[in-house]
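I opened the model to take notes on its fold and on a few side chains. My entries follow in the order I looked things up.

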Amino acid sequence: MFSISRKLRRENKTVGFVPTMGALHAGHFSLVKAARAQCDIVVVSVFVNPTQFNDKKDLEKYPRDLTADAAMLAGFDVDYVYAPERAEIYPEGFSTYVYVEDLTESLEGASRPGHFRGVATIVTILFNTIRPDFAYFGQKDAQQVSIIKRLTRDLGFEMEIVELPTIREESGLALSSRNALLSDDEREKAAVIFRALREAKTAYKGGERNALKLTEIVQKAIGEEPLAKIDYIAVVDRETLQPLDKIGDNETMIAAAVYIGDVRLIDNTALNRKQ
Ligand code: AMP
């Protein structure tokens, strides 16, 4: 892959890169379409990155279907599907990790220790291998986007991080590879997460600026669904990910992680996004 990317750079082709863990859905494809529209060459990686899983069982049960993924990507005119073996990324004796301070310990980082060290490490390896001009990420994993933007700046990658909106089912449930692990009933009930976030957003639009009040709105709405168990709900600055008491002018989001049965889902909504 590295020699291909060198050749492409010599030819002055712009390279768009979409990193994924496979089990692809319309959320991933929206990133692929954006890359296709913007770049000469589109590279999609499919790699279930073991170092970002703090829970071995979660890693084992993560859905995988490379044959189906590759077939679907062919329909989007993707130039390269990069699906490395684990040993290609992490050869024996691998011992170098990337740690982004400050942004990685809250929210997902607090619930999943080591998760973002794994994410930052794999993204750095993939950026180094593929050397893209643009890399595409979903707002659904908003903390991940903030961390990757910081990492890209700090490590001096000459590329742009493009963030695209969350694609949802009609019910409002954010598409996620993990949705495949939900029963039909759970999937229906999981819509409560976005409904609750939307209620908070409506209150924000109505003038509510108190983070605790907005959090309580989400708590209450999710609390009405017996299958749902809240991991966290937080109102944070979108860039620094610091929790806020009161919402001011900076970009702010309300983020949630919720178990529906055994499946842990995350979602968020921007409150005062500058367009
Ligand atoms: P994953 O395969 O879950 O690691 O996700 C790969 C990329 O797809 C990440 O940038 C995610 O944020 C993005 N993504 C996942 N779900 C969605 C969605 N529903 N809408 C938009 N992007 C998504």
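**Overall fold**

I began with the secondary structure and found eleven helices and eight strands in the protein. I note here that the model is predicted.

Next I checked the overall dimensions. A compact globule of 275 residues would have a radius of gyration near 19 Å, and the protein agrees, because its value is 19 Å. Along the principal axes, the C-alpha atoms fill a box of roughly 55 × 40 × 40 Å.

I then looked up burial. Of the 275 residues, 52% count as buried. The protein exposes about 13,500 Å². Carbon and sulfur atoms supply 48% of that area.

I also looked at how far apart in sequence the contacting residues are. Among contacts with a separation of 6 or more, 72% join residues 24 or more positions apart.

**Strands β6, β7 and β8**

I moved to the C-terminal strands and started with β7, residues 252-260. How many of its nine residues are buried? I got eight, so I wrote β7 down as mostly covered, with buried meaning under 20% relative accessible area.

β7 pairs with β6, which runs over residues 228-237. The sense is antiparallel, and I recorded nine bridges. I picked out two residue pairs to fix the register. Lys-229 stands opposite Tyr-259 of β7. Tyr-232 has Ala-257 in β7 as its bridge partner. β6 is also mostly covered, with seven of its ten residues buried.

β7 also pairs with β8, residues 263-270. This pairing is antiparallel too, over eight bridges. Ala-257 turns up again here, opposite Ile-266 in β8. I therefore have Ala-257 matched with Tyr-232 and with Ile-266. As a reminder to myself, side chains in a regular strand alternate between the two faces of the sheet.

What links β7 and β8? They form a hairpin with two residues between them. Gly-261 sits in that turn and has a positive phi of about 60°.

**Helix α7**

I turned to α7, which covers residues 115-130. The helix has 16 residues and reaches 22 Å from its first C-alpha to its last. That is close to the 22 Å expected at 1.5 Å a residue.

Is α7 largely enclosed or open? I found 13 of its 16 residues buried, so the rest of the structure largely encloses it. Arg-131 follows the helix, and its phi is positive, near 50°.

**Arg-64**

I went to Arg-64 in the loop between α3 (56-61) and α4 (66-74). Which backbone oxygens does its side chain meet? I found two. The side chain reaches the backbone oxygen of Leu-59 at 3.1 Å. A polar atom of that side chain also lies 3.1 Å from the backbone oxygen of Tyr-62.

I then set aside neighbours within four places in sequence. Arg-64 is in contact with Val-48 and Leu-59. I also took a distance to Asn-268: the two residues are 204 apart in sequence and 25 Å apart in space, C-alpha to C-alpha.

**His-25**

His-25 lies in the loop between β1 (15-20) and α2 (26-38). Is His-25 buried or exposed? It counts as buried, because its relative accessibility is 16% and the cut-off is under 20%. Its side chain reaches the backbone nitrogen of Gly-27 at 2.9 Å.

I looked further along the sequence for contacts of His-25. Beyond its neighbours within four places, it is in contact with Leu-175, Ser-176 and Ser-177.

**Asn-272**

My last entry is Asn-272, in the segment after β8. At 11% relative accessibility, Asn-272 counts as buried.

What does its side chain meet? One polar atom of the Asn-272 side chain lies 3.1 Å from the backbone oxygen of Gly-248. I also noted a distance of 2.6 Å between a polar atom of this side chain and the backbone nitrogen of Thr-252.

I listed the residues that Asn-272 touches, not counting those up to four places away in sequence. They are Tyr-204, Ile-247, Gly-248, Asp-249, Asn-250, Glu-251 and Thr-252. Thr-252 belongs to the range of β7, residues 252-260.

Key. Residues numbered from 1 in each chain as written. Predicted model: local features only at pLDDT ≥ 70, side-chain atom pairs only at ≥ 80, totals over all residues. Heavy atoms only, no water. Buried < 20%, exposed > 50% of the residue type's maximum accessible area, 1.4 Å probe, protein only. Helix = DSSP H or I, 4+ residues; strand = E, 2+ residues; numbered from the N terminus. Pairing = 2+ DSSP bridges. Expected span 1.5 Å × (residues − 1). Rg over C-alpha atoms; globule rule 2.2 N^0.38 Å. Contact = heavy atoms within 4.5 Å. Areas by Shrake-Rupley, 256 points an atom, 1.4 Å probe, with all protein chains shown as cover. Polar contact = N/O pair within 3.5 Å; in protein donor to acceptor, adjacent residues only side chain to side chain.
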